[in-house]
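Work through the exercises below with the sequence and the model open. Try each task before you read its solution.

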Amino acid sequence: QVQLVESGGRLVQAGDSLRLSCAASGLTFMSYAMGWFRQAPGKDREFVASINFVGTNSDYRDSVKGRFTISRDNVKNTLSLQMNSLKPEETALYYCADAFPYPPKEYRHWGQGTQVTVSS
């Protein structure tokens, strides 16, 4: 079955950088678009970024444009999210998910998430 396993989350200070990873298995990774989402306590899950099948097209929520970069390695079946200049309000559980087609309308499978905590 499809498994998405996020990693890389930890406690950082405001302004720091962090790189999240998502290891995918049980699917033909290069055939699916991928996305990152996050959910803070008491808030709805929100879209962060998405990337197409081959990594040539991506999309971001406005608040992270210029600071976050989504990328993928279709040989290693991994998805990454480079986050720079992190803000305390970006403390959340970060999830990866797969989708078809691109741009995604609906995401199919979700990981368990990795916690990012940004202290002020």
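**Exercise 1. Are cysteine 22 and cysteine 96 buried or exposed, and what do they form?**

Solution. The model is predicted. Start with accessibility: buried means under 20% relative accessible area. Cysteine 22 is buried, and cysteine 96 is buried too. Next, check the sulfur atoms. Those of cysteine 22 and cysteine 96 lie 2.0 Å apart, and the two residues form a disulfide. Searching the whole structure gives one disulfide. Now place the two ends. Cysteine 22 belongs to strand 3 and cysteine 96 to strand 9, so the pair ties together parts 74 residues apart in sequence. Last, take the handedness. The torsion about the S-S bond is about 60 degrees, so this disulfide is right-handed.

**Exercise 2. Find the residues that touch the most other members of the largest nonpolar core, and the strands that supply it.**

Solution. The core has 28 residues. Trp36, Phe68, Leu79, Leu81, Met83 and Tyr94 touch the most other members. Then go strand by strand. At least two core residues come from each of strand 3 (18–25), strand 4 (33–39), strand 5 (46–51), strand 7 (68–73), strand 8 (78–83), strand 9 (92–99) and strand 11 (114–119). Strand 3 gives the most, four residues. As background, nonpolar side chains in soluble globular proteins tend to be buried together. Finish with phenylalanine 68. Set aside its neighbours within four places in sequence; its contacts then include Arg38, Val48, Tyr60, Leu81, Met83 and Tyr94.

**Exercise 3. Which strands pair with strand 4, and which residues are the bridge partners of glycine 35?**

Solution. Take strand 9 as one partner. Strand 4 and strand 9 run antiparallel and are joined by seven bridges. Here glycine 35 has alanine 97 as its bridge partner. Now take strand 5. Strand 4 pairs with strand 5 over five bridges, again in the antiparallel sense. In strand 5, serine 50 is the bridge partner of glycine 35. Follow the chain from strand 4 to strand 5: the two form a hairpin with six residues between them. In the turn, glycine 42 has a positive phi of about 75 degrees. Check the cover last. Six of the seven residues of strand 4 are buried.

**Exercise 4. Classify the ring pairs that phenylalanine 37 makes with phenylalanine 47 and tryptophan 110.**

Solution. The count of aromatic pairs comes to six. For the geometry, planes over 60 degrees apart count as edge-to-face. Phenylalanine 37 and phenylalanine 47 have ring centres 5.8 Å apart and planes at 75 degrees, so the pair is edge-to-face. The first ring is in strand 4 and the second in strand 5, 10 residues apart. Phenylalanine 37 and tryptophan 110 have ring centres 4.8 Å apart and planes at 65 degrees, so this pair is edge-to-face. Tryptophan 110 lies in strand 10 (residues 107–110) and phenylalanine 37 in strand 4, so the pair ties together parts 73 residues apart in sequence.

Now sort by accessibility. Phenylalanine 37, at 10% relative accessibility, counts as buried. Phenylalanine 47, at 24%, counts as partly exposed. Tryptophan 110, at 28%, is partly exposed. Together with Tyr107, Phe37, Phe47 and Trp110 form one aromatic cluster.

**Exercise 5. Which rings do arginine 45 and arginine 72 lie over?**

Solution. The charged end of arginine 45 sits over the ring of tryptophan 110, 3.6 Å from the ring centre. Arginine 72 lies over the face of phenylalanine 29, at 4.3 Å from the ring centre.

Technical notes. Residues are numbered from 1 along each chain as its sequence is written. This is a predicted model: local features need pLDDT of at least 70, side-chain atom pairs count only at pLDDT 80 or more; totals for chains, interfaces and linings use all residues. Side-chain values use heavy atoms; hydrogens and water are left out. A nonpolar core is a set of buried Ala, Val, Leu, Ile, Met, Phe, Trp, Tyr and Cys residues joined through side-chain atoms within 4.5 Å. Buried means under 20% relative accessible area, exposed over 50%, partly exposed in between (1.4 Å probe, protein chains only). Contact means heavy atoms within 4.5 Å. Two strands pair if DSSP finds at least two bridges between them. A disulfide is a pair of cysteine sulfur atoms within 2.5 Å. Rings of Phe, Tyr and Trp (its six-membered ring) pair if their centres lie within 6.5 Å; planes under 30 degrees apart count as stacked, over 60 as edge-to-face and the rest as tilted. A charge sits over a ring if NZ of Lys or CZ of Arg is within 6 Å of the ring centre and within 35 degrees of the ring normal.
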